[in-house]
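Let's take a walk through this protein together. Keep the sequence and the 3D view side by side as you read.

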Amino acid sequence: MKIWVDADACPGVIKDILFRAARRTGISLTLVANQPIRIPKSPNIFFVQVSAGFDVADNEIVKRLDAGDLVITADIPLAAEAIEKNALALNPRGDMYTRDNIKARLSMRDFMDSLRGAGVDTGGPPPLQQNDRHAFGQQLDRLLARQQRRPS
């Protein structure tokens with residue numbers, strides 16, 4: 001398993017959790033963004049800078065993604081593509097995207113997008129709270145523990 005991060009919109013506190021987990025477990029962690037991002041010096045933590053543009057980082061992640069990898073993203077279409085490639089997808093609030101819930105999430109996203117297109121102020125997501133960070137850390141730990149128990 002490798003971890004891929006849609007890093008342009010990933011909160012710094014979530015990146016910090018991922019950096020600690022990567023150093024602790026030795027798992028490969030790659031952040032993909034269209035702007036430079038500081039990463040700690042570590043043989044298993046990488047950064048890929050892509051050109052600016054709509055979905056360029058998402059497309060790069062999908063291109064490099066293998067079945068069984070983990071994608072960290074709040075981008076529902078990217079999560080859907082990851083699931084389609086038999087990868088795992090986790091959002092920064094600790095919610096897993098699954099084959100069972102991704103279609104409903106895509107539909108809701110599209111509905112909200114159409115409301116915004118019609119001029120309705122739908123607001124944005126609430127700020128990341130301590131309980132969100134905790135839920136993310138717990139879910140990540142469960143996924144990494146499951147990965148470490150798998151025979152090589």
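Does Arg 64 count as buried, partly exposed or exposed? At 36% relative accessibility, Arg 64 is partly exposed; buried means under 20% relative accessible area, exposed means over 50%, and partly exposed lies in between, using a 1.4 Å probe and protein chains only. Before going further, please note that this is a predicted model, in which local features need pLDDT of at least 70 and side-chain atom pairs count only at pLDDT 80 or more, while totals for chains, interfaces and linings use all residues. Residues are numbered from 1 along each chain as its sequence is written, and side-chain values use heavy atoms, with hydrogens and water left out.

Arg 64 makes a good starting point. Its partner in a salt bridge is Glu 60, with the closest N and O atoms 2.5 Å apart; a salt bridge here is a side-chain nitrogen of Lys or Arg within 4 Å of a carboxyl oxygen of Asp or Glu. Both residues lie in helix 2, four residues apart, or about one turn of the helix. Helices (H or I, at least four residues) and strands (E, at least two) are DSSP runs, numbered from the N terminus. Glu 60 also forms a salt bridge with Lys 63, where the closest N and O atoms are 3.3 Å apart. These two are three residues apart in helix 2 (residues 56-64), so about one helical turn separates them. An α-helix has 3.6 residues a turn, so residues three or four places apart point the same way. Glu 60 counts as buried at 13% relative accessibility, whereas Lys 63 counts as exposed at 61%. Through shared partners, salt bridges join Glu 60, Lys 63 and Arg 64 into one network.

Across the whole structure, a search finds five salt bridges. One of them pairs Asp 141 with Arg 24, the closest N and O atoms being 3.0 Å apart. This pair links distant parts of the chain, since Asp 141 sits in helix 5 (residues 130-149) and Arg 24 in helix 1 (residues 12-25), 117 residues apart. Asp 141 is partly exposed, at 38% relative accessible area, and Arg 24 is exposed, at 54%.

Helix 1 also holds Lys 15. What is the nearest side chain of opposite charge to Lys 15? It is Asp 8, 7.3 Å away, and Lys 15 is buried yet has no salt bridge. For charge, Lys and Arg count as positive and Asp and Glu as negative, with His and the chain ends not counted. Leaving out residues up to four places away in sequence, Lys 15 touches Ala 7, Cys 10, Leu 31 and Ile 37, where contact means heavy atoms within 4.5 Å.

Now for the interior. The largest nonpolar core has 24 residues, and Leu 18 and Leu 140 are among those with the most contacts inside it; such a core is a set of buried Ala, Val, Leu, Ile, Met, Phe, Trp, Tyr and Cys residues joined through side-chain atoms within 4.5 Å. Helix 1 gives the most to this core, with six residues. A second, separate core of 19 residues includes Val 48, Val 50, Leu 78 and Tyr 97.

Leu 78 brings us to helix 3 (residues 76-84), where the buried residues include Leu 78, Ala 79 and Ile 83. Asp 75 caps the N-terminal end of helix 3, with a side-chain oxygen 2.7 Å from the backbone nitrogen of Leu 78. Just after helix 3, Asn 86 takes a positive phi of about 65 degrees.

Methods
A polar contact is a pair of N or O atoms within 3.5 Å; within protein, one must be able to donate a hydrogen and the other to accept it, and residues adjacent in sequence count only if both atoms are side-chain atoms.
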